[in-house]
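Got the viewer open and a selection box ready? Let's walk through this one stop at a time.

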Amino acid sequence: MYILTSLLAGLVFGLGLIVSGMSNPAVILGFLDITGRWNPSLGLVMVGGIAIGSIAFAAAKKRTTSLLGQAMKMPTARQIDRRLIGGSILFGIGWGIAGFCPGPVLVATGMGEVKALGFVVAMLVGMGIFELMERRVRLSRISTESK
Amino acid sequence: MSIDWNSFTPWAALSGGLLIGVATAMLVLLNGRIAGISGIVGGLLNPTKGETAWRAAFVIGLLLAPTAYLIFGAFPRPQIDSSWAALVVAGLLVGVGTRYGSGCTSGHGVSGLSRLSPRSLAATVTFMGAGFVAVFIVRHVLGA
């Protein structure tokens with residue numbers, strides 16, 4: 001059941017991205033171009049998302065399990081550190097170069113856009129590099145601890 | 001700054017945003033999980049027991065959304081002007097950056113801000129700021 005609800009959530013999320021125009025990188029770049037001809041649309045998408053999201057998270061806060069009985073897995077990290085800021089800077093640069101972030105580019109891939117698929121492959125390679133670096137850090141920690 | 005009134009679609013943006021909010025609410029209330037796309041996709045590359053099927057299902061939902069949209073009519077085609085080289089560089093940066101930064105526009109920008117998380121606010125301000133600077137350089141300095 002929880003796999004079906006996840007599929008539905010992904011579907012509704014994707015429809016939201018199409019309806020809002022966010023699956024089109026030209027619209028995203030229009031928002032990020034504050035010194036040029038600015039398209040404020042993305043701001044209103046966030047307003048809409050947060051309006052519903054804040055109600056949902058307020059209701060979720062009091063729960064220990066989800067409505068389907070799943071454990072609530074909420075983020076626990078609180079620190080604002082170099083990883084968070086450095087990573088966000090790299091992400092923002094990439095976002096500004098092509099106008100794609102992870103959700104919209106997957107939806108555009110579902111539209112059969114070959115260039116979107118190319119971006120997804122590069123993004124997966126980037127995420128894979130992160131996993132390899134993390135594994136190396138873990139391994140070096142283990143080896144220094146055992147010395 | 002001038003507003004691009006021809007491209008600004010306030011009602012479509014707001015209603016699409018509400019749908020994104022509904023999807024976020026579904027995933028947190030029914031599944032107890034955060035609808036952060038970079039975390040969902042990234043988690044598939046480092047699978048943990050019991051956390052793979054729902055992630056894959058969510059991604060399949062995103063990929064199928066355009067097909068589902070066909071019930072209402074033809075979906076608007078995206079306008080992708082970037083060169084292949086720019087797309088590859090941007091894709092790599094988005095992949096690495098969202099994983100080190102623990103989230104993207106959905107996880108930090110929608111869910112994180114909805115949870116009033118200071119960490120997500122810091123991330124959102126940072127990636128938006130970097131995005132503003134990147135577009136300024138690409139469009140107005142390099143003139144691409």
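Which strand of chain B is joined to β1(A), and do the two run parallel or antiparallel? Select β1 (37-38) of chain A along with residues 2-3 of chain B. The partner is strand β1 of chain B: two bridges join it to β1(A), and the strands run parallel. For one specific pair, pick A:R37, whose bridge partner in β1(B) is B:S2. Keep in mind as you click around that this is a predicted model.

**Next: all of chain A**

Colour chain A by secondary structure and you get six helices and one strand. Going from the N terminus, the order is α-α-β-α-α-α-α. Chain A has a radius of gyration of 19 Å, well over the 15 Å that the globule rule gives for 147 residues, so the chain is more spread out than a compact globule. If you turn on the principal axes, the C-alpha trace spans about 60 × 40 × 30 Å along them. Burial comes out at 52% of the 147 residues. Of the contacts in chain A with a separation of 6 or more, 39% are between residues 24 or more positions apart.

**Then: a helix crossing in chain A**

Select residues 2-20 and 102-110 of chain A, which are helices α1 and α5. Their axes come within 10 Å and cross at roughly 90°. That crossing makes α1(A) roughly perpendicular to α5(A). To see who makes the contact, show side chains for A:F13, A:G14, A:L17 and A:I18 on α1(A), then A:G103, A:P104 and A:V107 on α5(A). Sorted by class, that contact has five nonpolar and two polar residues, with no charged ones.

**Now bring in chain B**

Show both chains and highlight the interface: 105 residues of chain A are in contact with 104 residues of chain B. On the chain A side, at least two residues come from each of α1, α2 (25-32), β1 (37-38), α3 (41-61), α4 (82-98), α5 and α6 (114-146). The biggest giver is α1(A), with 18 residues. Colour this side by class and you should find 64 nonpolar, 33 polar and eight charged residues.

**Switch to chain B on its own**

Hide chain A for a moment. Chain B has six helices and one strand, in the sequence pattern β-α-α-α-α-α-α. Its C-alpha trace spans about 50 × 40 × 35 Å along the principal axes. Of the 144 residues here, 56% count as buried. Looking at contacts between residues at least 6 apart in sequence, 39% join residues at least 24 apart.

**Last stop: α5 of chain B**

Select residues 105-114 of chain B. Is this helix mostly covered or mostly uncovered? It's mostly covered, with nine of its 10 residues buried. Those are B:T105, B:S106, B:G107, B:H108, B:G109, B:V110, B:S111, B:G112 and B:S114.

What do these buried residues pack against? Bring chain A back and highlight its α3 and α5, then α1 (10-31), α2 (37-45) and α6 (118-141) of chain B: the buried residues of α5(B) pack against these helices from both chains. Before you close the session, step just past the end of α5(B) to B:L116, which takes a positive phi of about 60°.

Key:
Residues are numbered from 1 along each chain as its sequence is written. Chains are lettered from A and ligands numbered from 1 in the order in which they are written. This is a predicted model: local features need pLDDT of at least 70, side-chain atom pairs count only at pLDDT 80 or more; totals for chains, interfaces and linings use all residues. Axes are lines fitted to C-alpha atoms, for helices over the stretch in contact, and angles run from 0 to 180 degrees between N-to-C directions. Helices (H or I, at least four residues) and strands (E, at least two) are DSSP runs, numbered from the N terminus. Angles under 35 degrees count as roughly parallel, over 145 as roughly antiparallel, 65 to 115 as roughly perpendicular and the rest as oblique. Two residues are in contact if their C-beta atoms, placed from the backbone, lie within 7 Å. Ala, Val, Leu, Ile, Met, Phe, Trp, Tyr, Cys and Pro count as nonpolar, Asp, Glu, Lys and Arg as charged, and the others, Gly among them, as polar. The radius of gyration is taken over C-alpha atoms; the globule rule is 2.2 Å times the number of residues to the power 0.38. A residue is buried if 20 or more other C-beta atoms lie within 10 Å of its own, exposed if 12 or fewer, and partly exposed in between; C-beta atoms are placed from the backbone. Two strands pair if DSSP finds at least two bridges between them.
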